[in-house]
Amino acid sequence: MGLMNWERRGRSAANGAAALLTSVAAIALSAQLANAQQATQLTDEAKKTDQEKAAPAGATLLDKVLVISRTGETAIESLASASHVDQEQLDRRMATTPNEMLLGVPGVATQADARRVSTSINIRGLQDFGRVAIIVDGARQDFQRSDHGTQSTFYIDPELVKSVDVIRGPVANTYGSGAIGGVVFFDTKDAVDFLKPEETWGASVTGRYESNGKGWTTSASGAYRFNENWDALGNIVYRNYDNYKDGGGDTVNGTGFDVLSGLLKTTIRPTDNSELKLGWVGSSDGWNETSGGVPVNDVDLKSDTFTARYNITDEDKSWLDLHINTSYNKTNLDLTSLVAQNRFDPVTGLPVVLPAGSQSTFDVGTTGIDIWNTSRFETGGVAHELTYGGDWVGDDVKTGGAAGGDSFYTPSGKRNVSGAYVQDKLTWEWLEVIGGLRYDSYSLKDDTHDISGDRVSPRITVGISPFESAGLAGLQFYGTYAEGYRSPSITETLISGNHPAGVSFPFLPNPNLRPETGKTTEFGVNYKQNDILEAGDAFRLKAAYFNNDVDDYIDGVTLSPFDPTSGCPFGPGIPICFQYQNFAKAKINGFELESVYDAAWGYAGLSASITNGHTISYEGDRADLATIPSSQVTAQLGLRFLEDKLTVGGEVQYNGKPKGNAVAEDYTLVNAFASYQATDNLKVDFRADNLFDVKYVNPLNGSTTVAVYEPGVMLKLAATMRFGD
């Protein structure tokens with residue numbers, strides 16, 4: 001497979017842009033067909049008002065209701081390690097790629113290698129093959145391609161996202177099978193968030209320039225309110241970037257790209273207590289893969305996600321709070337060889353020439369359905385929030401192409417995972433208890449294999465709020481034990497053939513892989529207090545220590561044909577084989593902290609995470625876990641001026657090298673930002689990333705064969721003009 005770097009490919013976006021704009025226009029033109037409805041729905045604006053009454057407006061970091069929550073909790077109320085990134089924070093970060101949206105979220109790291117639009121998320125040292133569930137508007141993102149470095153990637157443009165929720169650890173197992181690391185939920189923009197209360201329509205245009213990579217982003221949004229119960233929004237984004245330079249001033253080849261992304265979403269409220277959201281998110285991306293600095297493959301990626309989310313409640317949200325989510329995600333990645341390449345036949349291992357113009361295709365379709373209901377009632381003075389439901393996700397992987405192409409090492413096949421769960425949250429004065437059970441099952445098959453398994457995973461959480469005095473009333477302690485179950489992926493189980501480039505050696509399938517079981521113990525504290533130093537200020541803090549034992553952890557190992565028990569045959573190429581095998585366990589532990597202080601003059605935040613981990617073989621051998629990210633401390637400060645029209649501030653992040661990592665070093669990044677709301681309809685944003693031009697490597701790239709240095713100093717300037725009536 002060989003490590004592949006990436007560089008910019010120029011390509012026309014006119015046809016795709018026209019198609020997206022036509023779709024947006026079609027929704028707007030259908031306004032004349034809309035019939036006014038008399039029923040009104042509790043809108044998102046009203047919900048925001050309720051939240052603002054409960055907490056100061058500035059303390060949004062931990063006081064916003066989690067979109068991903070089954071019981072309507074905020075991050076500070078959750079007896080779990082949960083974080084929320086809202087629209088204000090996303091605007092401040094001016095993210096170009098998905099990894100930039102998660103800056104400073106404790107326990108979360110990202111990996112993109114040189115592929116800036118292809119992102120993999122790491123939570124507490126776990127990533128790839130579904131260990132972290134990535135969800136966009138309720139749709140699982142399960143695209144995977146075998147390669148050095150990261151294996152599982154997803155594609156979402158930050159310009160389309162309004163918030164990101166993160167839940168760390170297997171307490172997230174009500175959100176789908178396999179998420180032993182956690183869940184990241186990207187919620188895209190809605191018309192109700194874009195339109196002002198008095199507006200029927202609204203539109204905006206954004207232009208942005210970035211100095212490092214010398215690229216442009218253009219974005220256009222439009223929303224229409226047909227009536228008080230029906231609205232729609234469309235968004236189109238185009239990005240075009242050259243290769244960036246690292247902190248040493250050297251150009252990193254293969255890091256340029258161009259992206260065309262779009263969003264269409266409509267929300268219909270049939271009654272006072274029901275809501276239907278229909279959405280599409282799409283992306284058309286292009287870049288070149290390089291080898292030795294020479295372009296070798298033209299890459300064309302298209303991703304489409306379709307979602308339908310329905311919620312209905314009774315008048316008091318007592319016995320009925322039903323959610324039905326359905327989704328379909330299709331990702332197609334096509335490689336076209338630009339030059340003739342010397343490769344190895346996947347069957348014989350003998351040298352072959354991959355001609356120019358040869359294609360390799362990766363098509364992954366994921367279908368999902370998620371249904372749950374929450375019933376709220378009391379028994380003997382104890383309040384219950386009983387949540388019960390089930391989910392199913394099916395992956396259909398189809399790969400193909402010329403002999404010697406990369407697609408042969410991502411095997412075709414089908415996998416189905418499903419589950420059912422019940423969870424009761426009991427609250428009595430100062431005591432809160434959450435107990436739950438989840439049943440998981442899976443099946444995986446291709447032309448010659450048919451594999452299945454199942455398991456029941458428990459969760460128990462106890463939280464206490466023992467103090468009543470004014471200063472300590474907001475202090476809460478909790479302890480959790482939770483288990484999660486991840487079935488082997490198609491690639492881990494069925495990968496076969498010979499290594500395609502560089503040197504030849506066989507990949508061996510392993511249909512006997514056992515599923516992973518994550519067993520996490522966590523102890524945490526939540527603290528919230530208002531009016532500490534001045535009226536209207538707020539302080540929020542979450543901290544947790546966790547220990548996660550992943551039984552039967554799956555990782556790749558090298559086998560020798562000289563070992564008669566290995567099953568590795570002698571053949572052409574070097575005398576080794578590669579196979580995914582179970583380890584007795586992976587042991588991961590760490591500490592996380594997230595805090596914010598907000599007042600009229602501004603805000604200050606501090607987050608930190610320390611993660612350690614290693615694997616243990618069945619023979620007792622211990623090895624460092626390659627997916628352990630940097631330990632991080634992130635400090636943020638923002639100051640407000642001119643009646644909150646101007647915000648200026650900065651971020652400082654220290655990154656400590658993980659143990660056993662041969663590539664990374666300690667490094668510190670300093671960023672600065674400013675945002676000025678010049679008028680009601682004009683906003684100007686500025687950001688400087690890596691202000692001191694530090695040359696550094698993401699330690700998650702330590703498993704690759706070549707260090708990929710991250711961008712040096714990056715200046716960003718953007719202006720947004722808004723219209724509405």
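Pro699 sits in the loop that connects β36 (682-689) with β37 (714-724). This is a predicted model, and in it Pro699 has a relative accessibility of 2%, so the residue counts as buried, the cut-off being under 20%. Leaving aside residues up to four places away in sequence, Pro699 touches Pro629, Ser630, Pro658, Asn661 and Ala664. Ala626 can be added to the surroundings of this loop residue: 73 residues separate Pro699 from Ala626 in sequence, while their C-alpha atoms are 8.7 Å apart in space.

Two other loop residues deserve attention for their backbone angles. Most residues other than glycine have a negative phi. Phe129, which is not a glycine, has a positive phi near 55°. Phe129 belongs to the loop between β4 (120-123) and β5 (132-136). Glu429 is likewise not a glycine, and its phi is positive at about 50°. The loop that holds Glu429 runs between β20 (413-428) and β21 (431-445).

Are these two residues buried or exposed? Phe129 has a relative accessible area of 8% and is therefore buried. Glu429 has a relative accessible area of 65%, which means that it is exposed, the threshold being over 50%.

These loops belong to a protein chain with 6 helices and 37 strands. Among its contacts between residues at least 6 apart in sequence, 67% join residues at least 24 apart. The pair Pro699 and Ala626, 73 residues apart in sequence, has already been described.

The overall dimensions can be checked against a simple rule. For 725 residues, a compact globule would have a radius of gyration near 27 Å; the value for the protein chain is 25 Å, which agrees. The C-alpha trace spans about 75 × 55 × 50 Å along its principal axes. Of the 725 residues, 57% are buried, Pro699 being one of the buried residues.

The accessible surface of the protein chain amounts to about 27900 Å², and carbon and sulfur atoms account for 58% of that area. As for charge, the chain carries 60 positive and 91 negative charges, and the mean positions of the two sets are 2 Å apart.

How far the coordinates can be read depends on the confidence of the prediction. The mean pLDDT of the protein chain is 87, and 90% of the residues score at least 70. Over residues 1-60, however, the pLDDT is below 50, although this stretch has 148 contacts in the model beyond near neighbours in sequence. Where pLDDT is low, the predicted coordinates should not be read in detail.

Note on methods. Residues numbered from 1 in each chain as written. Predicted model: local features only at pLDDT ≥ 70, side-chain atom pairs only at ≥ 80, totals over all residues. Heavy atoms only, no water. Helix = DSSP H or I, 4+ residues; strand = E, 2+ residues; numbered from the N terminus. Rg over C-alpha atoms; globule rule 2.2 N^0.38 Å. Buried < 20%, exposed > 50% of the residue type's maximum accessible area, 1.4 Å probe, protein only. Contact = heavy atoms within 4.5 Å. Areas by Shrake-Rupley, 256 points an atom, 1.4 Å probe, with all protein chains shown as cover. Lys, Arg positive; Asp, Glu negative; His and termini not counted. Charge placed at Lys NZ, Arg CZ, Asp CG, Glu CD. pLDDT = per-residue confidence, 0-100.
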